[in-house]
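Student: I am new to this structure and would like to study one part of it closely. Please set the scene first, and then take me through that part step by step.

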Amino acid sequence: MAPIDIKDDDEARGASLLADLADVKKILFFYAEWHEPSAEGGPFDLVVKTLANQGPGEVRFYRVLAEETPSLSNKVTQ
């Protein structure tokens, strides 16, 4: 299963990422479009996509646009 793209806080709320993060195992990959290693097609991006496609079904992978999701970014760092 490919990672789910989260482009802003509204999408994070829709994916229940701003609620309790403990209900299902989740991998949140924060990226920035200007950061080449994490941008689309960069090495970090490719690793996350590979893991998401090969990983167990009980783990959900998300690609989170860090600068557009301040509520989620702040929640994770608390």
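Student: What percentage of the 78 residues of the chain count as buried? After that, please look closely at β3 (59-65).

Tutor: This is a predicted model, in which local features need pLDDT of at least 70 and side-chain atom pairs count only at pLDDT 80 or more, while totals for chains, interfaces and linings use all residues. Residues are numbered from 1 along each chain as its sequence is written, and side-chain values use heavy atoms, with hydrogens and water left out.

Of the chain's 78 residues, 31% count as buried, where buried means under 20% relative accessible area, exposed means over 50%, and partly exposed lies in between (1.4 Å probe, protein chains only). The chain contains three helices and three strands, these being DSSP runs numbered from the N terminus (helices: H or I, at least four residues; strands: E, at least two). Along the sequence they follow the pattern β-α-β-α-β-α.

Turning to β3 itself, six of its seven residues are buried, so that the strand is mostly covered. Its place in the sheet comes next: three strands form an open sheet in the order β1-β3-β2, and the pairing is parallel; two strands are said to pair if DSSP finds at least two bridges between them. β1 (4-6) and β2 stand at the edges with a single partner strand each, so one side of each is left without a neighbour in the sheet. From one strand to the next, the twist averages 25 degrees; angles run from 0 to 180 degrees between N-to-C directions, and axes are lines fitted to C-alpha atoms, for helices over the stretch in contact.

The pairing of β3 can be followed on both sides. Seven bridges join β3 to β2, and these two strands run parallel; here F30 stands opposite V64 in β3, and Y31 stands opposite L65 in β3. β3 also pairs with β1 in the parallel sense, over three bridges, and on this side I6 stands opposite V64 in β3.

A helix joins the picture as well, for α2 lies across β2 and β3 and runs at about 155 degrees to β3. Together, β2, α2 and β3 make a right-handed β-α-β unit; a crossover is right-handed if, with the strands pointing away from the viewer, the path from the first strand over the helix to the second runs clockwise.

These elements meet again in the largest nonpolar core, whose seven residues are F29, Y31, V48, A52, V59, F61 and L65. The elements that give two or more residues to this core are β2 (25-31), α2 (43-54) and β3 (59-65), and the largest share, three residues, comes from β3. Another core, of six residues, lies apart from it and has A12, L17, Y62 and L72 among its members. A nonpolar core, as used here, is a set of buried Ala, Val, Leu, Ile, Met, Phe, Trp, Tyr and Cys residues joined through side-chain atoms within 4.5 Å.

Two residues of β3 can be followed outward through their contacts, a contact meaning heavy atoms within 4.5 Å. Leaving aside residues up to four places away in sequence, L65 touches I6, K7, Y31, A32 and E33. With the same exclusion of residues up to four places away, R63 is one of the residues that E40 touches, alongside D45 and K49. E40 lies in the loop between β2 and α2 and counts as exposed, at 57% relative accessibility. The C-alpha atoms of E40 and R63, 23 residues apart along the chain, are separated by 10.0 Å.

For the chain as a whole, residues 24 or more positions apart account for 67% of the contacts with a separation of 6 or more.
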